[in-house]
Amino acid sequence: IPVDPFDLTIFGGTGDLSRRKILPGLYRRFRAGQIPEGSRIIGAARSEMDHDGYRDMVRAALDEFIGTDALDPDVVAEFVSLIHYVAIDATGEKGWSELKELIRSDHISAFYFSVAPSLFGALAERLQSNGIADKTSRIVVEKPFGRDLASAQALNATLAAYFDETQIYRIDHYLGKETVQNLMALRFANVLFEPLWNSQYVDHIQITVAEIVGVGGRGGYYDKSGAMRDMVQNHLMQLLCLIAMEPPSRFEPDAVRDEKLKVIRALDPVPAEDIVRGQYAGAEDVASYLDDVEDPESLTESFIAMKVNVSNWRWAGTPFYLRTGKRMKARSSEIAVVFKDAPHSIFGSRSGHHRNILTIRLQPNEGMTLTTTIKEPGPGGMRLIDVPLDMTFADALGQHEDLATDAYERLVMDVIRGNQTLFMRGDEVEAAWAWTDPIINGWKERGDRPCSYEPGSTGPEEAQIMMHREDRRWRGIQ
Ligand code: BG6
């Protein structure tokens, strides 16, 4: 369904995120017929360039990140005709009157702040003082949204001075992933799962986001963040919320976000013994974490595993185990809901230990598996085995084009539609930092050192030990 005509300004329009994600995503939406012709996409950045120079840069970005062979030259030509450029000084006066001229009052206006958070205030102020934004304009901000509670509160206050909360779209790109949204459909559109979705039937839940890549060229940013700030405070927290939250009364922005907020506020503080931090070592042709960053003594974690308790009526006694890391064995993100044993085994002790596990694979090979116990075929008596009831979305739906829709393109179109459901509200972000801060401060105060782990592994041995201590096992990473 096409959206209404819009003028989208991308501050940081020459930056990496714009070239890699935002512009290719907009091209794909244009090709799908969702972007009406009169719309404008306006790159705004410091570099001196004219419209044509920027259009060349956009073409090069499409070539690089979509691939020349996958592009339709006619569609590219039409798409770049929507593109404009303004050389702008975020903290000065240059460029703002040119930008104002490009934005039409009868169009939806949206402003993507793909810049350092230190510039958010200056941009917001100038959009207002130059009369460019109005009450219907939307602004989009990226993570990192602060690095602790105090800085997140300061950012929220800065934005709130110029824009209403209903105009602010805080992106967590995990919420734009197809399978992540599917979690809500799975839970709230099926009658099968919800009656079992509580501590009476669920033993524990594992959320794993493993990556093969190291911190590579992002060492400068990453070393100041670590896995806790970079992944847990936002992406894993959002996954946990969608799994743990109560059913919202409607699929509407504040109804969903209210329920997520309640989950975050129900999280217990996490004691040091329930956390394992790791840092990848090097191998013959793989640089170690300490080689990838500037500080040879860095104590920042590139891996974290932790046990989290959601202290509410539904989940008390059912731990959530979170695990994420760089330079691991495979790129694999999944959520596993491990159900409890049957209350009584009529088959006797020789039939073994069996459990239902519902696994939701977020990437790659998106789909779901329900491990089910059946009788092993044959005349050898009642021997039980576990088999998967397996569904991949690609098999079930065929090569559905929208399965490949990138998270960013979905989220940008939601901004234009004015739908905030998949964006984080200010209070949600603050609550997540309020839970994260004491954990990180504890490491600093104690001077905790991360454990070393081999690149291409499942993380440090200590993470396995943490699970074994509780008579549980991490699932394999494939
Ligand atoms: C980003 C993190 O937010 O998410 C990166 O900053 C991480 O460190 C990335 O690699 C993972 O996203 P995805 O979509 O590749 O799982």
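Student: Which residues line the largest cavity, and what makes a residue part of a lining?

Tutor: In this predicted model, Lys143, Pro144, Phe145, Arg229, Gln233, Asn234, Met424, Val429 and Trp433 line the largest cavity. A lining residue must have an atom within 4 Å of a grid point, so each residue named here meets that cut-off.

Student: Why is this space called a cavity and not a pocket?

Tutor: The word depends on escape: a 1.4 Å probe fits at the points of a cavity but cannot get out, whereas a pocket is an open set. The space lined by Lys143 and Trp433, among others, is listed as a cavity, so the probe fits there and cannot leave. Its volume is about 60 Å³.

Student: How many cavities are there of 30 Å³ or more?

Tutor: The count is 2. The largest has a volume of about 60 Å³ and the second largest about 30 Å³.

Student: Which helix gives the most to the lining of the largest cavity?

Tutor: Helix H8 does, with 3 residues. Both H8 and helix H13 (426-446) supply at least two residues.

Student: What makes the lining of the second largest cavity free of charged residues?

Tutor: That cavity is lined by Thr179, Asn182, Leu183, Leu186, Ile360, Met368 and Phe393. Charged means Asp, Glu, Lys or Arg, and none of these types appears in that lining, so the charged class is empty. The division is 5 nonpolar and 2 polar. Helix H7 gives the most, 4 residues.

Student: How do you know that the ligand sits in the largest pocket?

Tutor: The space taken by the ligand is the largest pocket. The test is that more than half of a molecule's atoms lie within 2 Å of the grid points, so the ligand passes it. About 1,600 Å³ of space lies in this pocket, and 43 residues line it, with Lys21, Lys143, His173, Arg218 and Tyr408 nearest its centre.

Student: What makes Lys143 and Arg218 part of the shell around the ligand?

Tutor: Both surround the ligand, along with His173, Tyr174, Lys177, Glu211, Asp230, Met231, His235, Lys326, Arg331 and Gln363. Being near requires a heavy atom within 4 Å of the molecule, so Lys143 and Arg218 each have such an atom. By class the shell has 2 nonpolar, 3 polar and 7 charged residues. Its largest share, 3 residues, comes from helix H8 (residues 219-244). H8 also gives the most to the lining of the largest pocket, with 7 residues.

Student: Why is the pair between the ligand and His235 called a polar contact?

Tutor: An oxygen atom of the ligand is 2.7 Å from a side-chain N or O atom of His235. The limit for such a pair is 3.5 Å, so this one qualifies. His173 has a side-chain N or O atom 2.8 Å from a ligand oxygen, and a polar side-chain atom of Gln363 also lies 2.8 Å from an oxygen of the ligand. Taken alone, the ligand exposes 400 Å², and the protein buries 81% of that.

Student: Which residues lie nearest the centre of the second largest pocket?

Tutor: Ile357, Thr359, Trp474, Arg475 and Gly476, out of 25 lining residues. Strands E7 (202-210), E11 (332-339), E12 and E13 (367-375) each give two or more residues to this lining. Gly counts as polar, so Gly476 falls in that class. The lining divides into 4 nonpolar, 13 polar and 8 charged residues, and about 700 Å³ of space lies in the pocket.

Conventions:
Residues are numbered from 1 along each chain as its sequence is written. This is a predicted model: local features need pLDDT of at least 70, side-chain atom pairs count only at pLDDT 80 or more; totals for chains, interfaces and linings use all residues. Side-chain values use heavy atoms; hydrogens and water are left out. A polar contact is a pair of N or O atoms within 3.5 Å; within protein, one must be able to donate a hydrogen and the other to accept it, and residues adjacent in sequence count only if both atoms are side-chain atoms. Accessible areas come from the Shrake-Rupley method with a 1.4 Å probe; for residues, only the protein chains shown count as cover. On a 1 Å grid over the protein atoms alone, a cavity is a set of points where a 1.4 Å probe fits but cannot get out, and a pocket is an open set with protein on both sides within 12 Å along at least five of seven lines; lining residues have an atom within 4 Å of a point. Grid points are joined across faces, edges and corners, and a volume is the space filled by probe spheres set on the points.
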